[in-house]
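Trainee: Could you take me through one part of this model in detail? I would like to look closely at the salt bridge and its surroundings.

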Amino acid sequence: MHVTAVPLHQPSTSAREVPDGEALALLLDLMVDEPAAVPATPGTPGPRWAARVQEWSRRASAWGEGPQGAWRAW
């Protein structure tokens with residue numbers, strides 16, 4: 001132990017005493033599985049979203065194919 005260290009004989013904060021029966025109830029309350037909130041259902045995507053997905057798919061399939069599809073992997 002360092003020379004300037006001061007041993008603490010009492011905790012810096014005081015905790016309230018909980019009766020045994022109440023302590024068990026508090027512990028069991030901590031272990032209760034609470035249901036999660038149900039997320040809101042999103043609306044159906046519009047035609048604009050479908051067009052973007054088709055464009056992304058087309059660009060992904062054309063990625064790396066080279067001139068006239070010479071490097072196409074499939």
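Mentor: Happy to! Let's begin with the surface: in this predicted model, the protein has an accessible surface of about 7700 Å², and carbon and sulfur atoms account for 61% of that area. Of the 74 residues, 1% count as buried. As for secondary structure, there are two helices and zero strands.

Now to the part you asked about. The structure holds one salt bridge, and its partners are the side chains of Arg58 and Glu55, with 2.7 Å from N to O. That value fits the cut-off for a salt bridge, which asks for a Lys or Arg side-chain nitrogen within 4 Å of a carboxyl oxygen of Asp or Glu. Where do Arg58 and Glu55 sit along the chain? Both belong to helix 2, which covers residues 47-62. They are three residues apart there, so about one helical turn separates them.

Are these two side chains buried or exposed, you may wonder? The answer lies in between: Arg58 has 47% relative accessibility and is therefore partly exposed. Glu55, at 34% relative accessibility, also counts as partly exposed, because the partly exposed class runs between the buried limit of 20% and the exposed limit of 50%.

For the surroundings, have a look at the other helix too. Helix 1 spans residues 20-30, and Leu24 lies in it. On the surface, Leu24 joins Leu27, Leu28, Leu30 and Met31 in a nonpolar patch. Together, these five side chains' residues offer about 550 Å² of accessible area.

Conventions: Residues numbered from 1 in each chain as written. Predicted model: local features only at pLDDT ≥ 70, side-chain atom pairs only at ≥ 80, totals over all residues. Heavy atoms only, no water. Helix = DSSP H or I, 4+ residues; strand = E, 2+ residues; numbered from the N terminus. Buried < 20%, exposed > 50% of the residue type's maximum accessible area, 1.4 Å probe, protein only. Areas by Shrake-Rupley, 256 points an atom, 1.4 Å probe, with all protein chains shown as cover. Patch = residues over 30% accessible without salt bridge, like charges linked within 9 Å, V, L, I, M, F, W, Y side chains within 5 Å.
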